[in-house]
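Here are my notes on the packing and the empty space in this model. Please read them with the structure open.

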Amino acid sequence: MKPDYMTTIGSIADVYDGPHATPKKLEQGPYFLSISSLEKGRLDLKKSAFLSENDFKKWTKRVTPKEGDLLFSYETRLGEVALMPPGIRACLGRRMGLLRLNREKVIPEYALYAYLSPAFQQTIKANTITGATVDRIALNELPNFSIRIPPIEEQKKVAKLLSEIDKKIELNNRINAELEAMAKTLYDYWFVQFDFPDDSPQGQGNPYKTSGGKMVYNPTLNAKYRRGGATKRYLK
């Protein structure tokens with residue numbers, strides 16, 4: 001019978017939680033991580049604040065996040081998770097927890113995908129406590145949550161494959177964003193500024209407005225399109 005490699009969170013990691021208060025936020029300094037920074041497996045630091053060095057010492061007495069730790073939300077944004085990147089000085093924010101992984105049993109990249117997997121996300125839903133204010137999971141119960149952790153070599157293969165797919169998706173998203181920005185620019189030039197290419201004999205392919213094209217009132221077109229609420233200015 002093929003092994004299913006099911007184990008528990010507590011067997012592969014130690015669980016920590018963040019402070020239950022919020023320090024004074026500054027414009028610079030160490031990061032005070034926010035659960036809003038956790039977005040589909042990535043950590044967006046632009047959504048986190050900063051705190052003073054003195055507060056940083058207080059907020060890291062319990063644990064200081066380090067590279068490869070798994071950051072997650074245990075209230076409101078349940079299921080969100082990200083890996084702690086290298087070279088970042090930060091403390092956990094409110095409603096944020098941390099899994100310090102046993103590297104002899106699991107690699108961080110695989111742990112990230114395992115946490116994001118449909119199976120573990122369903123485990124989170126099944127253990128969600130619906131409160132009067134926010135939904136949450138009990139941190140003292142999290143070590144008992146089941147998760148699939150195969151041998152290290154299989155973890156590396158899975159993490160490598162999924163990482164390559166993620167990179168392609170990210171590249172496609174960037175391309176789509178750039179194309180959308182280009183389309184918006186063209187729309188603005190053509191339909192707002194009326195600087196579209198003018199292929200008429202007079203325009204000879206030059207931009208309409210830049211080449212001296214003007215907007216004039218056309219009573220015939222205005223009568224035709226009045227019911228549709230069209231503009232009263234038309235190209236001549």
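1. Burial and surface. This is a predicted model. Of the chain's 236 residues, 33% count as buried. The accessible surface comes to about 15200 Å². Carbon and sulfur atoms account for 53% of that surface.

2. Fold content. The chain has six helices and 17 strands. Take the contacts between residues at least 6 apart in sequence: 65% of these join residues at least 24 apart.

3. Main core. Nonpolar side chains tend to be buried together in soluble globular proteins. Here the largest nonpolar core has 25 residues. Phe72, Leu99, Tyr115, Phe120 and Leu142 touch the most other members. Two or more residues each come from α1 (9-12), β7 (70-73), β10 (96-101), α3 (108-116) and α4 (118-126). The largest share is that of α3, with five residues.

4. Second core. Apart from the largest core lies another, of 14 residues. Its members include Leu38, Leu43, Ala82 and Met84.

5. The helix α3. Why is α3 largely enclosed by the rest of the structure? Seven of its nine residues are buried, so the rest of the structure largely encloses it. The buried ones are Pro108, Tyr110, Ala111, Leu112, Tyr113, Ala114 and Tyr115. Tyr115 is also among the core residues that touch the most other members.

6. Phe120. Which residues does Phe120 contact, leaving aside its neighbours within four places in sequence? They are Ile9, Ala114, Tyr115, Leu142, Phe145, Ser146 and Ile147. Of these, Tyr115 and Leu142 are, like Phe120 itself, listed among the core members that touch the most others.

7. Largest pocket. About 530 Å³ of space lies in the largest pocket. It is lined by 24 residues. Gly41, Leu83, Glu109, Leu112 and Tyr113 lie nearest its centre. The elements giving two or more lining residues are β5 (42-43), β8 (81-83), α3 and α5 (152-192). With six residues, α5 gives the most. By class, the lining has 12 nonpolar, three polar and nine charged residues. For any work on this site, note that Leu112 and Tyr113 are also on the list of buried α3 residues.

8. Second largest pocket. The second largest pocket has a volume of about 190 Å³. Its lining counts 13 residues, and the closest to its centre are Tyr110, Ala114, Ser117, Ala119 and Arg148. Two or more lining residues come from each of α3, α4, β13 (146-148) and α5. The lining divides into nine nonpolar, three polar and one charged. Ala114 also appears among the contacts of Phe120.

9. Enclosed space. Rolling a probe the size of a water molecule over the atoms shows where empty space is left. How many cavities of 30 Å³ or more does the structure hold? It holds one. The largest cavity has a volume of about 30 Å³. Its lining is Ile9, Ile12, Leu70, Leu99, Leu101, Ala111, Tyr115 and Ile147. The elements α1, β10 and α3 each give two or more of these residues. The lining has eight nonpolar, no polar and no charged residues.

10. Recurring elements. The helix α3 gives two or more residues to the largest core, to the lining of the largest pocket, to that of the second largest pocket and to that of the largest cavity. Tyr115 lines the cavity and is in contact with Phe120. Ile9 and Ile147 likewise line the cavity, and both are in contact with Phe120.

How values were computed: Residues numbered from 1 in each chain as written. Predicted model: local features only at pLDDT ≥ 70, side-chain atom pairs only at ≥ 80, totals over all residues. Heavy atoms only, no water. Core = buried A, V, L, I, M, F, W, Y, C linked by side-chain atoms within 4.5 Å. Buried < 20%, exposed > 50% of the residue type's maximum accessible area, 1.4 Å probe, protein only. Helix = DSSP H or I, 4+ residues; strand = E, 2+ residues; numbered from the N terminus. Contact = heavy atoms within 4.5 Å. 1 Å grid on protein atoms, 1.4 Å probe; cavity = no way out; pocket = protein on both sides within 12 Å on 5 of 7 lines; lining within 4 Å. Points joined across faces, edges and corners; volume = space filled by probe spheres on them. Nonpolar A, V, L, I, M, F, W, Y, C, P; charged D, E, K, R; others polar. Areas by Shrake-Rupley, 256 points an atom, 1.4 Å probe, with all protein chains shown as cover.
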